[in-house]
Amino acid sequence: MNKMSVKDLKDLKGKNVLVRCDFNVPMKDGVITDENRIQGALPTIKYLLDAGARVTLCSHMGKPHSIFSAEVKLNKKDLKKVDAGETTKEVIIEKAKKDEPKKLTLAPVAKRLNELLGGKVVFATDVIGKDAKAKRDALKNGEAVLLENLRFHWEEEKKDEGFCKELAYNAEIYVNDAFGTAHRSHASTAAIVEYGIIKTAVCGFLIEKELEVMADTLENPKRPFVAILGGAKVADKLNVISNLLEKCDTLIIGGGMAYTFLKAKGYEVGTSLLDEEKIGYCKEMMVKAEKSGKELLLPIDTVVTDHFPEPIDEKIVVKTVPSNKIPADKMGMDIGEKTRKLYADKVASAKSVIWNGPMGVFENPTLAKGTIAVAQALADVYGKCTTIIGGGDSAAAVQQLGFADKVTHISTGGGASLELFEGKVLPGIACLNDKRSV
Ligand code: AMP
């Protein structure tokens, strides 16, 4: 990787360093329910503290309505409610003003960090206000302050230059370690460096590791290189499919997106998830694969049901049918047994595998067999093959199934890793200093 990392910095003692972390942890009633992201950020923070830096940590949490500004955004869910006449914008704003500072505060994260880092972390109750400045000024070498939720300011997402300057405050070094938001171009993720406000900009250990494993595998994979894509819709992963087809030797398709491919082959897909508008695109991809001598595998058999489970864990009756014989009144919900074996065999003979998206409606135990089979196949080649899970649902599935320590790398950023798989340059990484530039 040609970007500088914290390890490349010298003489950190007494330096003011601003670190963008991803502390967007799941919380219930003010209690952190999964602290993976906090743990993931610790190596970089510890390194800086041990080197005697004065560290200001910042992060977003959830999606507030930018409550401290005149510009209030409604999220999709709220907009739907307003459109349906269930509520009004004013009611939503009033409620947000009351609830969000309590619900989306980073205070519990600061408390936990302080426990994990031996009492070296304090919390600032604002981002660029009096408290933040006073606490940043008062830092001694080897101490840290966590600022309040960046997204309490609409300026964060709008890359406001004045906000960037205030956020930088006394920092002379910027460290980005928030891989989960590296695909976003916001004030704290990229603009603060792009505007030239902080000149020394490097990545932390978490981003370094994500890039080392993922970018390296995409650029110089050990072959055979197998890419497995699943999940709901073809439309969400158009560029991923196309880019991976160029890089890999075999592209395996599963999940809801498989039915648009099967339809493109001229098969009946019953009531399965179908992206009518993307049938042409799927045909194109099949031609692209054939022309370039790549293997594009689709399910050969399919687990079908009468309906989508409701509730999601409903005990549901299933049947397995060949993928070219899905009855008109049935819905494809998972890959069948023959496909599971076919896909597992491909993984068994691979030297690199990347995986994004479940093979079926894995939230339902009866429909999770395909996803489990792929997770198991990856676990079986552990140590012999580079295996990468690109965040999101497949990462959750692997964790739930207990295979997390049997894969080379589980990405901490679903959206960010998908953009890497698309071949995009992530703004939060592009803005950092190149190794040769310093
Ligand atoms: P994504 O966010 O695109 O990775 O999609 C994940 C979602 O795809 C999960 O919630 C799965 O339940 C869903 N999914 C996977 N297979 C199917 C399928 N055959 N039909 C409908 N949804 C599916």
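A polar contact here is a pair of N or O atoms within 3.5 Å; within protein, one must be able to donate a hydrogen and the other to accept it, and residues adjacent in sequence count only if both atoms are side-chain atoms. This is a predicted model, where local features need pLDDT of at least 70, side-chain atom pairs count only at pLDDT 80 or more, and totals for chains, interfaces and linings use all residues. Residues are numbered from 1 along each chain as its sequence is written, and side-chain values use heavy atoms, with hydrogens and water left out.

Q: How far from an oxygen atom of the ligand is the polar side-chain atom of Glu363?
A: Let's go through the polar partners of the ligand. Ala232 uses a backbone N or O atom, 3.0 Å from a ligand oxygen, and Lys237 brings a polar side-chain atom to 3.3 Å from a ligand oxygen. For Glu363, a polar side-chain atom lies from a ligand oxygen at a distance of 2.5 Å.

Q: How many of the residues in the shell around the ligand are charged?
A: The ligand is surrounded by 16 residues (a heavy atom within 4 Å of it), with Gly332, Gly360 and Asp393 among the closest. Counting Ala, Val, Leu, Ile, Met, Phe, Trp, Tyr, Cys and Pro as nonpolar, Asp, Glu, Lys and Arg as charged, and the others, Gly among them, as polar, the shell has 7 nonpolar and 6 polar residues, and the number of charged ones is 3.

Q: Is Thr386 buried or exposed?
A: Thr386 sits in strand 16, residues 386-389 (strands are DSSP runs of E, at least two residues, numbered from the N terminus). Its side chain makes a polar contact of 3.3 Å with the side chain of Lys222. Because its relative accessibility is 15%, and the cut-offs are under 20% for buried, over 50% for exposed and partly exposed in between (1.4 Å probe, protein chains only), Thr386 is buried.

Q: How many disulfides does the structure hold?
A: A disulfide is a pair of cysteine sulfur atoms within 2.5 Å. The sulfur of Cys21 is 7.0 Å from the closest cysteine sulfur, in Cys58, so it is too far for a bond. Cys282 is in no disulfide either, with the nearest cysteine sulfur, in Cys248, 15 Å away. The number of disulfides is 0.

Q: What is the relative accessible area of Ile228?
A: Ile228 belongs to strand 9, residues 225-229. Beyond its neighbours within four places in sequence, Ile228 has contacts (heavy atoms within 4.5 Å) that include Ile252, Trp355 and Leu378. Ile228 is buried, with a relative accessible area of 2%.

Notes:
Helix = DSSP H or I, 4+ residues; strand = E, 2+ residues; numbered from the N terminus.
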